[in-house]
Structures are given as C-alpha cells and as structure tokens.
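Let's take a walk through this structure together. Have the sequence and the 3D view open, and follow along one stop at a time.

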Amino acid sequence: MDATSADVFDIVGIGFGPSNLSLAVALEELGQGSSGNRASALFFERQDDFGWHRNMLLPSATMQISFLKDLATFRNPTSKYSFVSYLHDAGRLARFVNNQDFFPTRREFHQYLEWVAAGFRHQVRYSHEVTAIRPVTDAAGPHGCLEVEVRHTGDRSVRVVRTRNVVVSTGLAPRMPENVARDERVWHSSEFLTRYRALDPARLNSVAVVGAGQSAAEITRFFHDELPHAQVYSVIPSYGYALADDTPFANQVFDPAAVDDYYFGTDSARQAFWDYHKNTNYSVVDDDVIRDLFRRSYDEDVSGDRRLHFLNLTRVSGVERAGEHTRLTLTQGDPGELEVDAVVFATGYRAMDPSGLLGDFDAHFLRDAQGRHQIARDYRLVTAAAETHGRVYLQGGTEHTHGLTSSLLSNLATRSGEIADSILGFRLIEEELALPTEERVGTAG
Ligand code: FDA
Ligand code: NAP
C-alpha cells in the first residue's frame with residue numbers, strides 16, 4: 001500500500017533519525033509474522049535526506065557503542081537490517097572482523113544507517129517539518145485519532161494527516177550558555193562542520209572550544225589537526241577531561257534489563273543510577289581521545305612550540321562580538337577574557353521535549369510532582385482517562401522514567417520493538433472490539 005493513501009494511519013513518526021528508523025525496521029519485521037498484523041506508517045523528517053549528526057562526522061570520531069547495538073540485533077539477531085548484514089552487503093565483513101574493533105567510525109556507522117534508511121524511503125517524507133499534534137474532535141466528541149500538521153521546508157506548504165498513534169523522535173536540542181547567541185563565528189557543536197566550512201581556515205588564527213565532553217574533545221583535536229597555524233584554546237570547567245566509564249560492570253546501565261530496574265525501581269535506586277553512572281555519558285570523554293590530546297600537549301612541551309592551550313577550571317559566561325573579533329568572558333578559576341576568531345560551544349544538549357508540538361493538547365497528559373510528563377512503560381504519554389484521541393509515544397525525553405538510554409542508541413532495537421508491540425497490540429484489541437460480539441475470539445459457545 002502507498003502509505004499516503006490511508007485516511008487514518010496507524011502510526012505517524014515525527015523525525016527520522018536512528019530511533020524512528022529502528023521503529024520502521026521493527027514494524028516491518030513484526031508485521032511479517034503469521035498474524036499478518038501490519039500497520040500503516042508514515043514518517044516525517046525535516047532534513048532533505050537521512051542524516052545522523054552530520055555536523056559532527058569528524059574524520060577519526062568513533063562510535064561509543066558496540067556495532068552489535070545496531071538498529072535491530074538486540075531485538076532480532078537474525079534481522080536483515082543488522083550492522084553485520086550491512087558489512088556483508090558492502091563486501092567488508094571479513095576485513096571488519098580482521099580489524100578486531102567493536103567500535104566502528106561514526107562515518108561507517110552513518111553509512112550503515114543510510115543503507116537501512118534507503119530501504120524505507122517510501123515511508124518517509126523528507127523536507128517535511130511537523131509543527132503541531134492535536135486531537136480530532138467535533139461536537140460528537142473525539143474521533144479516536146490525532147491530526148499532525150506538517151510544513152514542507154521548501155515551499156512552506158502545509159498539510160495535515162490523521163493517525164491513531166504518533167511516535168515523537170525529534171532528538172536532542174542544542175544547549176548554549178544563557179545570554180550567548182549563535183552567529184557565523186559563535187557556534188554550537190551541533191552545527192560545527194557546516195559553520196567551519198563556511199569560513200576560510202587560513203583566516204582562523206585562534207579558535208576556542210568550550211566544554212569538557214566528547215564533542216569538545218573531538219573538536220579540539222580536529223582544530224589542532226586542521227589548523228596547524230592556529231592557537232587552539234580549550235575552555236574546560238574541570239581540572240582536565242574526565243574519563244567516560246565504559247568498563248563492563250558500569251556498561252550494564254545501558255542493558256535492556258536496566259530499563260526495568262530503573263522504571264520499576266525506588267526513587268533512591270533511580271537516583272543511584274545518576275549519582276554513580278552519569279559519568280558513563282555526560283561531561284566525559286573516551287580514553288583514546290584523552291590520551292591523544294595529552295600526548296599532543298606533551299609533544300608541544302618538548303618542542304617548545306605551544307599552540308594547544310587548556311584553560312582548566314574555567315567557564316564561559318558571555319560573548320561580545322565586534323566585526324571579526326569574538327571576546328569571551330571567562331569565569332571560575334582566573335577571571336578574564338579571551339579573544340578568538342571563532343568559538344565552538346560544545347556545551348551539550350537539552351533532552352527532547354514534546355510540549356512544543358503538543359501545544360494546548362499537552363494539558364491532556366499527566367505530569368509528576370516535579371512537572372515532568374508521566375510515561376508508561378511502553379513509552380506512551382499517560383492520560384487521566386482512557387485515550388479517546390489516539391496515543392502519543394516518545395523516543396527520547398524519558399530519562400526520568402526509563403533511565404540513561406533514553407537519548408542514546410544502546411537500547412534502540414529493544415525500545416522500538418516494545419513500542420511497535422504496544423501499538424500493534426492496541427490495534428488487535430480495537431479490531432476485536434469492533435467485531436460483532438459473536439465473532440470475537442473467545443466468545444463462541
Ligand atoms: P536524532 O537527533 O538522531 O534524530 C531526530 C530527527 O528528528 C532528526 O533527523 C531531526 O532532523 C528530526 N526532527 C526534529 N524535529 C522535527 C520535526 N518537528 N519534524 C520533522 N523532523 C524533525 N549515542 C550512542 O548511544 N552512541 C553514540 O555513539 C552516539 N554518538 C553521538 C554523537 C554525537 C555527535 C551526538 C550529538 C550524539 C550521539 N549519541 C550517541 C546520542 C544521540 O542522541 C543518538 O545517537 C541518536 O541521535 C538518537 O537518535 P534519535 O533518532 O532519537 O534522534
Ligand atoms: P556533554 O557531555 O553534555 O558536555 C557538555 C560540556 O560542556 C560539559 O563539560 C559541561 O560542563 C560544559 N559546559 C556547559 N556550559 C559551559 C560553560 N558555560 N562554560 C564551559 N563549559 C561548559 O555534551 P557533548 O560532549 O556534546 O555530548 C553529548 C552526547 O553526545 C553524549 O551522549 C556524548 O557521548 C555524545 N557524543 C558522542 C560522540 C561520538 O559518538 N563520537 C561525539 C560527540 C558527542 P558541566 O558538566 O560542568 O556543565
């Protein structure tokens with residue numbers, strides 16, 4: 001079926017990054033069972049084509065998860081959409097194995113994601129941004145479905161589609177320090193390569209990178225490689241980069257089972273996840289990148305030719321712009337100023353928040369005592385009464401309920417399988433209820 005021909009879709013996915021790509025895979029594979037429980041799905045993606053953090057596809061950046069944590073394997077180890085299947089198709093399986101590395105480059109993983117996405121092109125509308133989700137209601141009451149408003153990013157035309165379920169997977173939102181505005185010389189790491197390529201590197205004689213996370217460390221290394229004539233300043237709030245803990249016991253926080261331990265755990269158990277294991281992901285850097293940067297710094301000690309500068313225990317609290325000059329206000333440690341030709345704020349991200357898309361409809365969903373959305377185990381926004389409008393699922397923005405994997409790839413295959421199961425399960429129940437009583441399973445005799 002051409003997905004656009006359905007009057008009411010079973011599923012509309014908002015965003016087509018790895019999360020909803022993994023959902024598309026799960027829906028296809030679960031729909032192949034003997035039940036023939038196929039769902040109609042359509043995905044909207046505002047980018048013009050598939051792209052996964054393209055602005056951070058730096059030459060030597062590697063994945064932070066094993067290749068086995070791909071879009072499907074943890075749910076279906078025999079999936080034709082696994083990373084191993086991709087390697088086989090690309091003719092690199094033997095050489096990949098000989099390379100003996102669990103962590104492919106981000107470039108290679110991106111190629112894998114593009115390879116899978118190509119198989120689902122018929123279900124995706126690229127260059128389409130979703131602007132609102134609202135219930136379909138009239139005087140007779142709710143129609144059991146939702147309306148999704150979509151704008152074409154080129155001609156700005158607006159259309160509306162109806163669906164019984166929405167899966168919001170719009171990803172992380174860049175975070176800048178308060179009062180710092182972005183422009184052609186003040187960048188967030190999420191826009192890095194596009195902004196960098198727009199300037200003449202020969203005219204970048206001094207650059208700064210703010211932050212001590214993986215993005216900051218990778219960009220610092222990139223600048224040091226790409227701008228051999230430039231002074232490179234790394235403004236870091238700690239005394240030095242801290243290590244991302246990916247040792248085996250700690251890594252268990254990303255296991256599918258950890259989601260249940262988090263979701264059904266006590267408040268203190270949930271707090272312990274954060275207190276003890278935040279350093280598996282946030283404000284931390286992979287071992288090889290830390291050692292590489294320290295080695296470069298030490299080599300400069302030896303040569304006496306210093307152009308890599310680490311400003312430790314320092315934060316940036318403001319930016320003043322004048323022509324080609326950018327002046328940073330530094331606080332903590334030694335207060336002062338730093339003038340550079342361009343600055344990258346690798347200052348992290350805010351979690352996904354669906355409230356903007358939901359608008360007034362958001363009032364329909366329950367919040368906890370701290371004002372956060374209540375979310376069911378199947379990643380569904382919780383409503384006060386039975387859902388009469390259609391359901392809203394989240395992939396992302398569920399750290400407070402489902403734990404650390406919320407914004408990561410680690411649990412994608414399992415999570416999207418759980419969401420697909422939930423949607424298909426509700427569909428079966430609704431189909432059953434729509435049947436005359438005598439035709440319902442279990443009522444005969
Ligand atoms: P993602 O952000 O990838 O995709 C969301 C999509 O929605 C985007 O394509 C966006 O254009 C689209 N969109 C947004 N709003 C829209 C709207 N209104 N209408 C239509 N489309 C819309 N994690 C990990 O486990 N291992 C790793 O190695 C890495 N590596 C990594 C590198 C970098 C540089 C970053 C910044 C982050 C990571 N991560 C990571 C974490 C990261 O969140 C994760 O890899 C995925 O991007 C999550 O996939 P999603 O599809 O949820 O979001
Ligand atoms: P992050 O881990 O949240 O780090 C942000 C950094 O910015 C922190 O060190 C933070 O310090 C600092 N910071 C914030 N405000 C600041 C200010 N005003 N002055 C100075 N420093 C400031 O963000 P990230 O590095 O972008 O990583 C985000 C996610 O992407 C993580 O999951 C990461 O693993 C992933 N990632 C993966 C790859 C890869 O796969 N190769 C590459 C890049 C990123 P405080 O902690 O003190 O606030």
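Before the first stop, one term: a polar contact is a pair of N or O atoms within 3.5 Å. Keep in mind, too, that this is a predicted model.

Start with ligand 1. A polar side-chain atom of His 53 lies 2.9 Å from one of the ligand's oxygen atoms, so the pair falls within the 3.5 Å limit for a polar contact. The backbone joins in as well: an N or O atom in the backbone of Gln 64 is 2.9 Å from an oxygen atom of ligand 1, and a backbone N or O atom of Val 130 sits 2.9 Å from a nitrogen atom of ligand 1. On its own, ligand 1 has 990 Å² of accessible area, and the protein covers 90% of that.

Who else is around it? Ligand 1 is surrounded by 28 residues, and the closest are Ser 19, Glu 45, Gln 64, Ser 407 and Leu 409. Sorted by class, this shell holds twelve nonpolar, twelve polar and four charged residues. Helix α1 (18-30) and strand β4 (128-138) each supply at least two residues of the shell, and the largest share, three residues, comes from β4.

Now over to ligand 2. Gln 64 turns up again here: an N or O atom in its side chain is 2.5 Å from an oxygen atom of ligand 2. The side chain of Ser 215 has an N or O atom 2.6 Å from an oxygen atom of ligand 2, while a polar backbone atom of Ala 346 is 3.3 Å from an oxygen atom of this ligand. The protein covers 83% of the 920 Å² of accessible area that ligand 2 has on its own. Two elements, α6 (214-226) and β12 (315-322), give two or more residues to the shell, and α6 provides the largest share with three residues.

In total, 22 residues surround ligand 2, with Gln 64, Ser 215, Glu 218, Asn 281 and Ser 283 the closest. They divide into nine nonpolar, ten polar and three charged residues. Pause at Ser 283, in the loop between α9 (267-277) and α10 (287-303). Its phi is near 55°, a positive value in a residue other than glycine. Ser 283 counts as exposed because its relative accessibility is 53%, and the cut-off is over 50%. Asn 179 also has a positive phi, near 65°. Asn 179 is found in the loop between β7 (173-174) and β8 (186-188), and at 73% relative accessibility it counts as exposed.

Next, the aromatic rings. A search of the whole structure finds 27 aromatic pairs. One of them joins Phe 83 and Tyr 112 edge-to-face, with 5.3 Å from centre to centre and 80° between the planes. Phe 83 lies in helix α2 (residues 83-90) and Tyr 112 in helix α4 (residues 106-118), so this pair ties together parts that are 29 residues apart in sequence. Are these partners buried or exposed? Phe 83 is buried, with a relative accessible area of 0%, and Tyr 112 is buried with a value of 0% too.

Both rings belong to a cluster linked by ring pairs, whose members include Trp 52, Phe 67, Tyr 86 and Trp 115. Charged residues meet rings as well: Arg 106 lies over the face of Trp 52, at 4.1 Å from the ring centre. Elsewhere, the charged end of Arg 391 sits over the ring of Phe 426, 3.7 Å from its centre.

Technical notes
Residues numbered from 1 in each chain as written. Chains lettered and ligands numbered in written order. Predicted model: local features only at pLDDT ≥ 70, side-chain atom pairs only at ≥ 80, totals over all residues. Heavy atoms only, no water. Near = heavy atom within 4 Å. Polar contact = N/O pair within 3.5 Å; in protein donor to acceptor, adjacent residues only side chain to side chain. Areas by Shrake-Rupley, 256 points an atom, 1.4 Å probe, with all protein chains shown as cover. Helix = DSSP H or I, 4+ residues; strand = E, 2+ residues; numbered from the N terminus. Nonpolar A, V, L, I, M, F, W, Y, C, P; charged D, E, K, R; others polar. Phe/Tyr/Trp six-rings, centres within 6.5 Å; stacked < 30°, edge-to-face > 60°. Buried < 20%, exposed > 50% of the residue type's maximum accessible area, 1.4 Å probe, protein only. Lys NZ or Arg CZ within 6 Å of the ring centre and 35° of its normal.
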